[in-house]
Amino acid sequence: MLEFLNPLRDMNLISVTVRVLLAVLCGGLVGLEREYKRRPAGFRTHILICLGAAMTTLTGQYLVLVMHYNTDMGRLGAQVVAGIGFIGAGCIIVTRHRRVKGLTTAAGMWTTAIVGLSCGAGFYEGAVIVTALVLMAEMLFFRVEYQMIRSRAREITLYVEYTRGTVLDEVIRCLRDAGAKITDMEMTRSQEKEHHDCAIFSLQVNRKVAYDEMMFNLSKLDNVVTAQEL
């Protein structure tokens, strides 16, 4: 612990002000990154979550240290850990292509709430360090993950939507010509003329496959409406 911060760990007006301002700063930094990437929960949402969590901890401390109530000062904060799950669930969606989105944002919101609890408790060092690590994970580590995935053999799920059944043979031929191995295929045929048929492929793609070129060739096939990785 940093000893020069010890006066700010007491329950007084200056300490409370520093804690809530630090919560606004930490939540705002994480929220700015999410806002920049146009995620559902952005700048203001993360600030409010972090600030609310900080005030929850401060309220628990106030009840015990100032009001001298016979209660557990950590009880209110414990409810934040569980309650933030309801907000996080609102960020997680399953697209019509069965792709799950929003998990990183939900996890970031949960972590931001924990940072807020740390700010409210006066654990300044932990709040600052975790905020820096969260930003590093969201801004730097995802690039490392992407490069690792691109550099090694991997399995991908490919969604292809098309207007007539005969083009499916051309799609399969295009995938095999690119060197991708089809391990599974699921087709859905629409009974209505205005809707398109679709197929979902499970592929094994090695690093020698020109992925971008393969996707480009698929999109250029006649009667292929869309081709995208899930």
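Is Ser15 buried or exposed? With a relative accessibility of 0%, which is under the 20% limit for a buried residue, Ser15 counts as buried. The model in which this value was computed is a predicted one. Ser15 offers a convenient place from which to begin reading the chain.

Ser15 belongs to helix α1. Its side chain reaches the backbone oxygen of Leu8 at 2.5 Å. Leaving aside residues up to four places away in sequence, Ser15 touches Leu8, Arg9, Asp10 and Tyr124. Two of these names, Leu8 and Arg9, should be kept in mind, for Arg9 appears again below in a salt bridge with Glu125.

Before the details are taken further, the whole chain deserves attention. It contains 7 helices and 6 strands. Followed along the sequence, these elements come in the order α-α-α-β-β-α-α-β-α-β-β-α-β. The chain has 230 residues, of which 37% count as buried. Among the contacts with a separation of 6 or more, 67% are made by residues 24 or more positions apart. The surface that the chain exposes amounts to about 14100 Å², and carbon and sulfur atoms supply 59% of that area.

Helix α1 can now be examined from end to end. It covers residues 13-36, and at 1.5 Å a residue its 24 residues should span 34 Å; the C-alpha atoms at its ends are 34 Å apart, so the expectation and the model agree. The N-terminal end of α1 is capped by Asn12, which places a side-chain oxygen 3.3 Å from the backbone nitrogen of Ile14. After the helix comes Arg38, with a positive phi near 55°. Within α1, the buried residues are Ser15, Arg19, Val20, Leu22, Ala23, Cys26, Gly27, Gly28, Val30, Gly31, Glu33 and Arg34. A general rule helps in reading such a list: an α-helix has 3.6 residues a turn, so residues three or four places apart point the same way.

The list of buried residues in α1 includes the charged pair Glu33 and Arg34. What joins Arg34 to Glu33? The two form a salt bridge in which the closest N and O atoms are 2.8 Å apart. Arg34 also meets the side chain of Glu138 in a salt bridge, at 3.6 Å from N to O. Because Glu138 lies in helix α5 and Arg34 in helix α1, this pair ties together parts that are 104 residues apart in sequence. Salt bridges with shared partners join Glu33, Arg34, Lys37 and Glu138 into one network. Glu138 is buried, as is Arg34.

In the whole model, 4 salt bridges are counted. One of them is formed by Glu125 and Arg9, whose closest N and O atoms are 2.6 Å apart. This pair too links distant parts of the chain, since Glu125 is in helix α5 and Arg9 is in the segment before α1, 116 residues away. Glu125 has a relative accessible area of 13% and is therefore buried, whereas Arg9, at 23%, is partly exposed.

Helix α5, residues 124-151, also contains Ile129. Which residues join Ile129 in a nonpolar surface patch? The patch, of about 650 Å², is made by Ile129, Leu133, Met136, Met139, Leu140, Phe141 and Val144. Ile129 has a relative accessible area of 51%, and because the limit for an exposed residue is over 50%, it counts as exposed. Leu133, likewise located in helix α5, has a relative accessible area of 49% and is therefore partly exposed. The C-alpha atom of Ile129 is separated by 9.5 Å from that of Val115, a residue 14 places away along the chain.

Finally, two loops invite a closer look at the backbone. His68 occupies the loop between α2 (43-65) and α3 (75-89). Although His68 is not a glycine, its phi is positive, about 60°. At 63% relative accessibility, His68 counts as exposed. Asn223 lies in the loop between α7 (211-219) and β6 (224-229). Its phi is near 75°, again a positive value in a residue other than glycine. With a relative accessible area of 30%, Asn223 is partly exposed.

Note on methods: Residues are numbered from 1 along each chain as its sequence is written. This is a predicted model: local features need pLDDT of at least 70, side-chain atom pairs count only at pLDDT 80 or more; totals for chains, interfaces and linings use all residues. Side-chain values use heavy atoms; hydrogens and water are left out. Helices (H or I, at least four residues) and strands (E, at least two) are DSSP runs, numbered from the N terminus. Buried means under 20% relative accessible area, exposed over 50%, partly exposed in between (1.4 Å probe, protein chains only). The expected span of a helix is 1.5 Å times one less than its number of residues. A polar contact is a pair of N or O atoms within 3.5 Å; within protein, one must be able to donate a hydrogen and the other to accept it, and residues adjacent in sequence count only if both atoms are side-chain atoms. Contact means heavy atoms within 4.5 Å. Accessible areas come from the Shrake-Rupley method with a 1.4 Å probe; for residues, only the protein chains shown count as cover. Patches are made of residues with over 30% relative accessible area and no salt bridge: like charges are joined within 9 Å, nonpolar side chains (Val, Leu, Ile, Met, Phe, Trp, Tyr) within 5 Å.
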